[in-house]
Amino acid sequence: MSRHSCTKLTRIFIIFGIVYGLAIFLPFIISLSNGRVTPYVPYISEGGGQFPEAGIFCTLMVITAFTSQVIIFLRYLVVEGLSSQVSRRPEMYNFLNAVALVLGSMASFFMIVMASYPTTALAQVHNSAAGMVSICFMLYMICHTWISTLLSDIPSIPKWRLFIVISSSIALVMIAAFGIVGSIHWKDNKYVGIKEPEDQGFAFYVVSASAEWIWVTLIFLYFITFIHEFKKSTFHFYLEISSKSQSRIPRITITSA
C-alpha cells in the first residue's frame, strides 16, 4: 500500500494569496500605465477588460479558481472529520458541509467563466458570471459560519466569520445599488473604465467599485480564517493494490494532526 501524508495544508493559502493578489492588481497596474483605465477606482474586471491585460487576468483567475477549489475541498474534508466528533446533530453539519461544497465549487466554476469573457467583449456574460460568483460565495460563507458556531474551538473565529459575512452582504448591496444608479446617470458613450470626476454618474460608480474592492478583500480574509483548522489537520492519501485482478482503490482522509 502506497501512503502519503501532508501536514503543511496551510501552504495552499500562501499560493492562493499570491495568485489572488496578482490577479487583482497586476492587470490593473498594466492597464493604468497604458492609459486604458483611470486611477479613479475602476472595477477590478475593468483592469483586465482589454488585451493584453485580459489574457493575464484570465490566466491568473483560472489559477485562483483552482487553488480556491482545493481549499474548498480540503475544508469540506476538515469539517467532515470535525463533525464526526460532535454528538449533537452531526447530520445537520454534514448536510451544510455538502451544500457548501457545491456552492463553493459553483463559485470557482463561474469565476473561470467570468474571467474568460472580458467585460469589454461580452459584458452580459461577464456580469452574469460575476453575479453568480458573488451569490455562491456569499451562501458558502453563510454555511460555514453556521457550521463554525459549534465546531470551532476558538470563540473569536465564528464572530470574525459572522462579521465578514455581514460586511460582505453590505458590500454586495452597495455594488449592485450604486452600480445601477451609476448606469442610469451615465450618459457618455465612452468606456466606463476611463471615467473622470466631471462625468455624470461618476460618484456612484466610484462607490460601487470601491465596494467591490472591499468585497474581494473580505473573501480573502474569510478563507484566511480556515488556517487554524487546517493547522490541526493532516492530509492522508492511500493507494491500495490488493491483487492483479482488483482495481486500485484510492482513499483520501483528513485527520487531526
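Helices here are DSSP runs of H or I with at least four residues, and strands are runs of E with at least two, both numbered from the N terminus. With that settled, I opened the model, which is a predicted one.

**Entry: overall layout**

I counted secondary structure and got eight helices and three strands. Reading along the sequence, I wrote the pattern down as β-α-α-α-α-α-α-α-α-β-β. The protein has 257 residues, and 45% of them count as buried. I then looked at contacts between residues at least 6 apart in sequence: 69% of these join residues at least 24 apart. For the surface, I have about 13,100 Å² exposed, with carbon and sulfur atoms supplying 68% of that.

**Entry: the nonpolar cores**

Which residues touch the most other members of the largest nonpolar core? I noted Ile 71, Phe 137, Met 141, Trp 215, Phe 223 and Phe 230, out of 58 residues in that core. Two or more residues each come from helix 1 (11–33), helix 3 (53–83), helix 4 (90–116), helix 5 (123–151), helix 6 (156–185) and helix 7 (202–224). Helix 3 is the top contributor, giving twelve residues.

I picked Phe 223 for a closer look. Leaving out residues up to four places away in sequence, Phe 223 touches Phe 13, Phe 16, Ser 68, Ile 71, Ile 72, Phe 137 and Tyr 140. There is also another core lying apart from the big one; it has five residues, including Tyr 43, Trp 186, Tyr 205 and Ala 209.

**Entry: a patch on the outside**

I went looking for nonpolar side chains at the surface and found a patch of about 350 Å², made by Ile 14, Ile 18, Leu 22 and Leu 26. I checked Leu 26, which sits in helix 1. Its relative accessibility is 32%, so Leu 26 counts as partly exposed.

**Entry: salt bridges**

How many salt bridges are there? I get three.

I started with Glu 53 and Arg 36, whose closest N and O atoms are 2.5 Å apart. Glu 53 belongs to helix 3 and Arg 36 to the loop between helix 1 and helix 2 (44–47), so this bridge ties together parts 17 residues apart in sequence. Are the two partners buried or partly exposed? Glu 53 is buried because its relative accessibility is 0%, while Arg 36, at 22%, is partly exposed. The cut-off for buried is under 20%.

Next I took Arg 75 with Glu 229, a bridge of 3.6 Å from N to O. Arg 75 is in helix 3 and Glu 229 in helix 8 (residues 227–231), so to speak distant parts of the chain, 154 residues apart. Arg 75 is buried at 2% relative accessibility, and Glu 229 is buried too, at 7%.

Glu 229 turned up again in a salt bridge with Arg 161, at 3.1 Å from N to O. This pair also links distant parts of the chain, with Glu 229 in helix 8 and Arg 161 in helix 6, 68 residues apart. I have Arg 161 down as buried, since its relative accessible area is 0%. I therefore drew Arg 75, Arg 161 and Glu 229 as one network of salt bridges.

**Entry: a long-range pair**

I checked where Leu 151 sits and found it in helix 5. Leu 151 is buried, with a relative accessible area of 15%. I paired it with Val 79: Leu 151 and Val 79 are 72 residues apart in sequence, yet their C-alpha atoms are 7.9 Å apart in space.

**Entry: backbone oddities**

Why did I bother to check phi and omega? Most residues other than glycine have a negative phi, and most peptide bonds are trans.

Where is the cis peptide bond? I found it joining Phe 51 and Pro 52, with omega at about 10 degrees. Pro 52 is in the loop between helix 2 and helix 3.

I also flagged Val 41, whose phi is positive, near 45 degrees, in a residue other than glycine. Val 41 is in the loop between helix 1 and helix 2. Val 41 counts as partly exposed because its relative accessible area is 27%.

Technical notes:
Residues numbered from 1 in each chain as written. Predicted model: local features only at pLDDT ≥ 70, side-chain atom pairs only at ≥ 80, totals over all residues. Heavy atoms only, no water. Core = buried A, V, L, I, M, F, W, Y, C linked by side-chain atoms within 4.5 Å. Buried < 20%, exposed > 50% of the residue type's maximum accessible area, 1.4 Å probe, protein only. Contact = heavy atoms within 4.5 Å. Patch = residues over 30% accessible without salt bridge, like charges linked within 9 Å, V, L, I, M, F, W, Y side chains within 5 Å. Areas by Shrake-Rupley, 256 points an atom, 1.4 Å probe, with all protein chains shown as cover. Salt bridge = Lys/Arg side-chain N within 4 Å of Asp/Glu carboxyl O.
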